[in-house]
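Visitor: Please take a close look at one part of this structure, the largest nonpolar core. Which residues form it, and which elements give residues to it?

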Amino acid sequence: MNMKRPVFATLLIMILFIVAACGSNNGSAEAEKPAASDTPSAVANGLKGEFEIQYFVGGYGDAWWIDVIDQFQKLNPDLKIKQSAGPKINDQMKPRWIQGNPPDLIYIDGAGSNPRQMVEDDQLLDLSDWIHEASNVDGEKITNVMIASMDGLFRRTLIVSWR
């Protein structure tokens with residue numbers, strides 16, 4: 001479905017923006033930056049279609065995921081978001097992965113997940129090139145405001161299903 005790429009990219013940008021907003025730049029250039037946008041409406045407007053996300057629910061619960069997805073849903077009321085989640089979600093979704101029908105976006109974590117094998121089996125889309133060009137709603141490159149660096153294994157975590 002052609003709709004998957006823009007929907008996924010928008011959701012990924014929103015998630016990365018929220019994660020990056022939790023970081024700190026130690027106040028070194030705060031006075032030089034314009035004020036951050038109060039509304040995420042610049043991130044996504046009017047996405048339509050269907051979108052599925054798979055995430056593992058462990059000891060910390062899923063309140064964060066539910067909140068982020070709820071915010072995204074409010075921005076895109078015509079987008080039908082299906083959440084596949086739980087403590088055994090990786091094992092439950094395995095047949096779909098084997099059949100080549102994975103969800104649109106996944107968070108690889110928890111029991112039954114094997115990111116290295118997923119990469120080796122070419123089940124994931126490598127977003128390393130894309131992330132270097134992507135910007136948040138304030139026009140800053142996402143790689144400049146990320147909490148973690150883009151070195152080493154972190155590149156492998158910026159991959160999602162897309163087959």
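Guide: In this predicted model, the largest nonpolar core has 11 residues. They are L47, F51, I53, Y55, V57, W65, I69, F72, L79, I81 and L105. Three elements give two or more residues each to this core: strand β1 (49–56), helix α2 (63–75) and strand β2 (79–86). In soluble globular proteins, nonpolar side chains tend to be buried together. A second core, separate from the largest one, has 7 residues, including F56, M93, W97 and L124.

Next comes the sheet. It is open and has 3 strands in the order β2-β1-β3, with parallel pairing. The edge strands are β2 and β3 (105–107), each of which pairs on one side only. From one strand to the next, the twist averages 15 degrees. Strands β1 and β3 run parallel and are joined by 3 bridges. Along this pair, I53 stands opposite L105 in β3, and both I53 and L105 are residues of the largest core.

Helices also pack on the sheet. Helix α2 touches β1, β2 and β3, and the direction of α2 makes about 175 degrees with that of β2. Helix α3, residues 89–98, packs on the sheet as well, touching β1, β2 and β3. The direction of α3 makes about 135 degrees with that of β1.

To return to the request: the core includes I53 and L105, and β1, α2 and β2 are the elements that give two or more residues to it.

How values were computed. Residues are numbered from 1 along each chain as its sequence is written. This is a predicted model: local features need pLDDT of at least 70, side-chain atom pairs count only at pLDDT 80 or more; totals for chains, interfaces and linings use all residues. Side-chain values use heavy atoms; hydrogens and water are left out. A nonpolar core is a set of buried Ala, Val, Leu, Ile, Met, Phe, Trp, Tyr and Cys residues joined through side-chain atoms within 4.5 Å. Buried means under 20% relative accessible area, exposed over 50%, partly exposed in between (1.4 Å probe, protein chains only). Helices (H or I, at least four residues) and strands (E, at least two) are DSSP runs, numbered from the N terminus. Two strands pair if DSSP finds at least two bridges between them. Axes are lines fitted to C-alpha atoms, for helices over the stretch in contact, and angles run from 0 to 180 degrees between N-to-C directions. Contact means heavy atoms within 4.5 Å.
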